[in-house]
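Biologist: Could you take a close look at a single part of this model, the part where you think neighbouring strands are best followed one after another, and then set it against the rest of the chain? I would like one connected account, with the geometry given wherever a statement depends on it.

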Amino acid sequence: MYCQVWWGTLLTPKNSPPICRLVWIGLAAFCASACQSWNPALSHTPSTAHIVSEGLIDCFQPVRSASSKPIFCEASAVVKQGNSLIFLSDKPLLSGSPGFSVKLNGFLPELGTSVPVQGNAIKAASKFEAITQTPDQQFIIATTAFDRFDPENSQWDQYNTLLVWPADSPENAKPINPSTRNGITSSLAIRKALESYLGAPYFKLEGLTLLPDNGLVLGIREIGNNHQDFAYRILMISARLEKSPAGEFSVDLATLTTILDYTPPDSLGLDSNLGISSIEAIPGTYQLYFTTSHEEGEDFSAYLWEWNTLASDHPPKLLREKTGSPLRFNHKAEGIAVLDAHHLFIVHDDDRKTGGQPFRQPHQAPYSIIELDDFH
């Protein structure tokens with residue numbers, strides 16, 4: 001409306017001298033161009049959201065291991081599939097699998113419905129950190145952390161695996177870009193390509209989603225020399241995910257490119273040492289939501305952000321409460337599932353920290369349900 005008013009004003013002086021009319025026409029053309037490039041969807045008014053529910057998921061029935069130590073659920077990834085949520089833990093669970101599913105009752109996980117996600121390839125991989133699905137919801141893709149590798153020890157290859165499986169048959173899961181070393185099949189080609197692209201021997205992958213153009217987005221949380229000498233990052237890189245006529249998935253590693261490398265300004269007043277911890281796109285769109293988290297001992301916090309990959313020249317937006325304060329979690333948020341266009345499900349991995357409100361026990365994982373107030 002603002003631009004329409006200006007356009008009408010600029011065309012008003014019909015009886016002006018020719019030179020003046022040329023000036024008016026030039027100004028009108030400039031304004032029209034500016035209006036065309038202006039898009040409300042890319043505006044920078046702060047987006048707001050609020051927590052509508054928080055609770056705990058029973059990942060499995062409470063039990064102790066043979067050594068009498070409790071088995072912990074460290075849920076690090078979640079995706080909505082049909083009327084269920086599929087979770088992955090970065091450690092094996094009671095069933096020996098790192099995955100389980102829980103039915104939804106509306107937006108809430110239904111108590112007593114946890115079922116292990118079984119599949120030999122899923123059990124063989126170690127330290128899952130992210131999970132997503134293809135835009136047609138026919139396939140699930142999950143990734144491990146890719147945070148350790150030893151050229152002399154093939155046992156560590158299992159930490160370097162990108163898996164895909166039909167949504168209804170996790171038992172058919174298999175590695176993408178597979179190779180086998182000493183009987184262990186993993187995605188070492190992806191590992192080598194990422195190490196070369198990032199220019200560092202150590203990195204940790206904690207985000208994963210798919211865009212409508214088959215761009216596979218990877219969130220890199222840590223980069224450095226090793227697991228003790230690194231810097232936290234909010235880095236997204238993308239590569240094309242391809243599917244052959246025979247139905248085999250592969251990542252075109254020649255298409256690796258950085259789509260976001262972001263450092264929050266000090267003016268936001270956020271906790272220090274933030275690294276990306278999860279990503280998910282609204283299905284069929286380029287609209288991303290992602291979390292960043294801070295961890296120091298058992299001191300955890302996290303924030304929620306939104307970003308549209310089509311607006312790559314605009315920085316991500318920090319989601320805020322209606323009071324203007326940042327929407328902040330007192331947990332280590334590690335997984336996002338899109339419930340619908342207005343609601344997100346966030347699962348937290350608080351490692352082995354118990355207690356809090358509500359009181360978390362080892363077999364449980366805390367979660368938050370977010371309602372988005374603004375849409376941009």
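**A strand between two hairpins**

Modeller: Of the 376 residues in the protein, 49% are buried. The model is a predicted one, and its secondary structure consists of four helices and 24 strands. Among contacts with a separation of 6 or more, 55% are between residues 24 or more positions apart. The accessible surface comes to about 17,500 Å², with 53% of that area belonging to carbon and sulfur atoms.

The part I would examine is strand β14, which covers residues 215–226. Ten of its twelve residues are buried, so β14 is largely enclosed by the rest of the structure. Strand β14 runs antiparallel to β13, to which it is joined by eight bridges, and it also runs antiparallel to β15, with ten bridges joining those two. Strands of a sheet pair through backbone hydrogen bonds, either parallel or antiparallel.

Both pairings are hairpins. Four residues lie between β13 and β14, and N214, in that turn, has a positive phi of about 70°. Between β14 and β15 there are two residues. To fix the register, one can take L210, which stands opposite L216 in β14, and then G219, whose bridge partner in β15 is M236.

Ahead of these strands in the sequence comes helix α4, residues 188–198, whose buried residues are L188, I190, R191, A193, L194 and L198. The helix is followed by G199, where phi is positive, near 70°.

The flanking strands β13 and β15 are also linked through their side chains, and this is best read alongside the other aromatic contacts. With ring centres within 6.5 Å as the criterion, the count comes to eight aromatic pairs. One of these is F87 with F100, whose ring centres are 5.0 Å apart and whose planes meet at 10°, so the pair is stacked. Because F87 belongs to strand β3 (residues 84–89) and F100 to strand β4 (residues 99–105), the contact ties together parts that are 13 residues apart in sequence. F87 is buried, at 0% relative accessible area, and F100 is buried as well, at 1%.

The pair that concerns β13 and β15 is Y202 with F230, which is tilted, at 5.9 Å centre to centre and with 45° between the planes. Y202 lies in strand β13 (residues 202–210) and F230 in strand β15 (residues 229–243), so here the parts tied together are 28 residues apart in sequence. Y202, at 7% relative accessibility, counts as buried, whereas F230, at 27%, counts as partly exposed, because the limit for burial is set at under 20%.

To return to F87 and F100, these two belong to one aromatic cluster together with F345 and Y367. Strand β3 also contains S84, which, once its neighbours within four places in sequence are left aside, is in contact with V79, V102, K103 and L104. S84 and S114 are 30 residues apart in sequence, while their C-alpha atoms are 9.9 Å apart in space.

Another sheet offers a comparison with the hairpins around β14. This sheet is open, has four strands in the order β7-β8-β9-β10, and is antiparallel in its pairing. Its edge strands are β7 (128–133) and β10 (174–175), each of which pairs on one side only. Inside it, β8 (residues 139–144) and β9 (residues 162–166) pair in the antiparallel sense over five bridges, and the bridge partner of I140 in β9 is W165.

Two rings also carry a charge over their faces. The charged end of R148 sits over the ring of Y159, 4.3 Å from its centre, and K332 lies over the face of F300, 5.6 Å from the ring centre.

Finally, the structure holds one disulfide, in which C59 is joined to C73 with an S to S distance of 2.2 Å. The torsion about this S-S bond is about -70°, so the disulfide is left-handed. Both cysteines lie in the loop between β1 (49–58) and β2 (75–81), so this link ties together parts that are 14 residues apart in sequence. C59 and C73 are both buried.

Methods. Residues numbered from 1 in each chain as written. Predicted model: local features only at pLDDT ≥ 70, side-chain atom pairs only at ≥ 80, totals over all residues. Heavy atoms only, no water. Buried < 20%, exposed > 50% of the residue type's maximum accessible area, 1.4 Å probe, protein only. Contact = heavy atoms within 4.5 Å. Areas by Shrake-Rupley, 256 points an atom, 1.4 Å probe, with all protein chains shown as cover. Pairing = 2+ DSSP bridges. Phe/Tyr/Trp six-rings, centres within 6.5 Å; stacked < 30°, edge-to-face > 60°. Lys NZ or Arg CZ within 6 Å of the ring centre and 35° of its normal. Disulfide = S-S within 2.5 Å.
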